[in-house]
Amino acid sequence: MKTVTSFLCVMVFLFLGISVGNSQVIRPQSSNITVPDTSRAAADTSKNHLKVTNGQDTVVMKGESGLETVVTIVANDSSWNEVNKNIIHLYSGAKVKYQDFELSADYIRLDRNTNMLYASGVTDHTGKYVGRPVVLFPNETPKAVDSLLYNYKTQEGKTFGIMTEEDGGYIQARVLRKNLYDEMSIQNAMYSTCDLPFPHTHFGIAIPKGLITSKQVIASWPHLVVQGIPFKFITVPFGFFPKTNKKQSGFLFPSFGDDVTRGFGLRDFGWYLTFNDYWDSELRGSFYSKGAWESSIRTNYLVNYKYSGGFNIRFASTPTGVEGSDNYKRAKDFNVTWTHTQRQEANPGTSFSASVNFGTSSYFQNSGAGSTYNYQELTRNNMSSSISYGKVFADGKVNFTSSATHRQDMSTGKVDIELPTFSLNVSTFNPFDSKDRVGEQKWYQRITVGYSLQGRNSLSTGDSTIFSKQTLQQFTNGFQHNIPVSLSLNAFKYFQFNTSVNYTERWYLQSIRRYRANEINGYINARDTVPGFRRAYDYGVSSGLSTKIYGMYPKIGKIEAIRHVVTPSINFNYRPDFADSRYGYYRDWIDEKGRLSNYSIFEGAIFGGPSSGKSMGIGFSVDNNIEAKVRNKGDSTDNSAFKKIPILQGLTFSGDYNFAADSLKLSIISFSGRTSLFDKKINLNFNGTLDPYQLDNQGQPINKFAIENGKLARLTQFGVSFDYSFNPDASRSRSNNIDSMKNQMPNMTQEQAQALSRISRDPNAFVDFNIPWNLAGSFSLQYFNRWDSQVRRERSDYTATVNVHGDINVTPKWKIQFNSGYDIKQREIAMTNFSIYRDLHCWDMSVGWVPFGRYQSYNITIRAKASVLQDLKLTKRNSHYSY
């Protein structure tokens, strides 16, 4: 109701300072007609009864202060000046403008005898009322009315059929009257979220009579109107509504629902707190008839052009089991989220961001994802957090980043914390090059050197013991330095030669020792942690050659040509055996089987330790790209006459052969590739691994090639996946709308921001009535071989799933969506849900239904579209989910 002050703009002439006690002269600018002084109009009527003018005129009037004021009058059709009656008529696109204020209508009448201004529209030849008066006020949206009558001397007026809008809410008044004290009285007014002259959803708040002052609105007998039926028995004699231009604290209306497990609920009622223009908070609570309750505090903050963010702390208490039985208990859960985003221009060279989500692993299951029953939240199996800081030094050559991260496995309760992690990276440089060099670089001037430093402080524990004193003493930490040196040259005209030396050094404050301890029941494996600074370094050398081979195949049918690009590469690598006793990184011990074994004293260290075993081998890879050139239909001879069709993109095989190994010298061969089908409508991806060796009767590889048994290699793993949309316009429309909504992110409510995040990851969460239909699907297959110890042989296994989602417009205002899938191996249907949406113009209605499965439920929601009324909603929900 704060925007009712905008009614002042209807009374533009309040600001004109017009006084009719002084002489007035009309000076035409676009015609040669001179209108006489109005003080002599009575004596001149026989000679000049009526004057007709066209174009733009100016009226010079003197106010009470004696200063002259210029009023511009424009009439696209004509203006009539009835001199004997002292009345001016303006027709067709008439405008009266004073400084930044403007009134336009198809008819304006100015009567100087009665000091009355009248403006209205006209009825055209079809009987339609057009050209309604529109008033433009500085920094305000234009206001349209049916007609207005204003006495510019007494500064009182009356407006008929006015409508004004602010934040999606519309106020319509049949009659509005204003006095010289800036007070306005309204009669037969309606407040709704519909912009039609009469809300076609027939839902609003009727105000029979009301008074609007500068600070409040006083309404007499306000009541609800639904489907044209006034609910006058649900009313109060009068109501006071504060009218202000800033946010106000106030009560948050609850919603009602029913849950099979927790019972009837009063949800999300609370209090809204606003402190200033930069941050506000919401305190909410929910209570259920079976004893469960929830509470939350959500705070948002925003500083324009600097940063924005918010945090949400939620707590839930949920009884589980049967009351009075031994299994009855009360689960207490919490969840904390925090997001922070900094604008890049706020502090160039420095960045800070946060995305935090942590809490008890059972919060989403016990609270029904905070009573939202969101499928993605209910099936969430992990939570993660990240707080990062970055700084750039030395003109961008040195980059420092630091972060604190957290990852929580909700199925096992395991928590991994990095507090903190930092890295310092120096851009590669040419140490032997000269700034004053003339000509091309010599080979040694192309040598590049880089440097990076990493530090980590890590902890892995359970979520129930994370804050105990003993757990906090179990942090492991370390530092790692890395210095890469590389050289790249062109060799033999067609080859690219690359060589590199990589040096890595790790610093630790502790190491481990293994031994066999003598206990009462015998010897057991034991491990001690020995404090003290230890350093571990390793290095490796690698050199390689790569080139490209182009092949063209002749014309085949409609295919003009096929091009095959092969990119082979080979490299030689060497790394010494750091398990040698001279390094001191490995030690001997007698294991539980009585065998002499060695172990690394950096076992389990945060950056690991140098690996054992000498490596001297050859690495190889072959990449293939095949595409066809096909003539387009027609006789075009320009560049568009042909189109390229990809056959295989990035078909790559790679592996390694280690000369220094005593057995199993050839590594596993991996391959991957991708392609597009049906004019790039289907993206197909595949990958796999090939093992060149045979297995013994224990499932362990032996030094015999599989080809000796007639197989080139054993296929140990293969995966393929693709997706397809039968209506590409649907995915393009969704992407465009998401981009448009992201551009409006600073003005979004928290609920709208969450909705945007949901539709970004769930295609079925976006409703677009402009797309009549959509059907899309995806397929995923994973094939793998595993060793069966019972039958002592390899057995094949696989997983395969098919997912389908789509929607259809039953009518221009009704849309049905569905999402389902099928697990081919388990022979069961994945989670299936149906959604029905009804566009009610200024409202919308949605019905969601999960017909079967663990999350069987339904919900019905009717919601106002206006952002200012996002809490005005009616929800009915039923869930058969068991906690």
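Me: Why does F578 count as buried?

Reply: F578 has 0% relative accessibility. Buried means under 20% relative accessible area, exposed means over 50%, and partly exposed is whatever falls in between, using a 1.4 Å probe and protein chains only. F578 is under the lower cut-off, so it counts as buried. One thing to know up front: this is a predicted model, where local features need pLDDT of at least 70 and side-chain atom pairs count only at pLDDT 80 or more, while totals for chains, interfaces and linings use all residues. Residues are numbered from 1 along each chain as its sequence is written, and side-chain values use heavy atoms, with hydrogens and water left out.

Me: What makes Y539 and F578 an edge-to-face pair?

Reply: Rings of Phe, Tyr and Trp (its six-membered ring) pair if their centres lie within 6.5 Å; planes under 30 degrees apart are stacked, over 60 edge-to-face, and the rest tilted. A search of the whole structure gives 29 aromatic pairs. For Y539 and F578, the ring centres are 5.7 Å apart and the planes sit at 90°, so the pair passes the distance test and lands in the edge-to-face class.

Me: How do you know that this pair links distant parts of the chain?

Reply: Y539 and F578 are 39 residues apart, with Y539 in strand 34 (residues 522–546) and F578 in the loop between strand 36 (559–575) and strand 37 (586–590). Strands here are DSSP runs of E with at least two residues, helices are runs of H or I with at least four, and both are numbered from the N terminus. Y539 and F578 also belong to one aromatic cluster, which includes Y503, Y508 and Y537.

Me: Why is Y539 called partly exposed?

Reply: Its relative accessible area is 33%, which puts Y539 between the buried and exposed cut-offs, so partly exposed is the label.

Me: What makes D691 and R714 a salt bridge?

Reply: The rule asks for a side-chain nitrogen of Lys or Arg within 4 Å of a carboxyl oxygen of Asp or Glu. For D691 and R714 the N to O distance is 2.7 Å, so the pair qualifies. In general, side chains of opposite charge can pair when their charged atoms come close. By this rule the count comes to 17 salt bridges.

Me: Why are D691 and R714 said to tie together separate parts of the sequence?

Reply: D691 lies in strand 42 (residues 682–691) and R714 in strand 45 (residues 714–725), so the bridge joins parts that are 23 residues apart. Both partners are buried: D691 has 11% relative accessibility, and R714 has 9%.

Me: How do you know that D807 and K815 form a salt bridge too?

Reply: Their side chains meet at 3.2 Å, N to O, so they fit the rule as well. D807 is buried at 12%, and K815 is buried at 1%.

Me: Why is there said to be a nonpolar surface patch around W773?

Reply: Patch residues need over 30% relative accessible area and no salt bridge; like charges are joined within 9 Å, and nonpolar side chains (Val, Leu, Ile, Met, Phe, Trp, Tyr) within 5 Å. W773 is at 39%, so it clears the area cut-off. The patch covers about 750 Å², and its members include W773, L775 and W814. The largest share, 3 residues, comes from strand 47, while W773 lies in strand 46.

Me: What makes strands 39 and 40 a pair?

Reply: Two strands pair if DSSP finds at least two bridges between them. Strand 39 (residues 615–631) and strand 40 (residues 642–658) have 14 bridges, in the antiparallel sense, so they qualify. Strand 40 also pairs with strand 41 (residues 669–677), again antiparallel, over 4 bridges.

Me: What makes the phi of R792 stand out?

Reply: Most residues other than glycine have a negative phi, and most peptide bonds are trans. R792 is not a glycine, yet its phi is positive, about 55°. R792 sits in the loop between strand 46 and strand 47, and at 51% relative accessibility it is exposed.

Me: And what is the peptide bond from L419 to P420 called?

Reply: That bond is cis, with omega near -5°. P420 is in strand 30 (residues 414–429).

How values were computed:
Accessible areas come from the Shrake-Rupley method with a 1.4 Å probe; for residues, only the protein chains shown count as cover.
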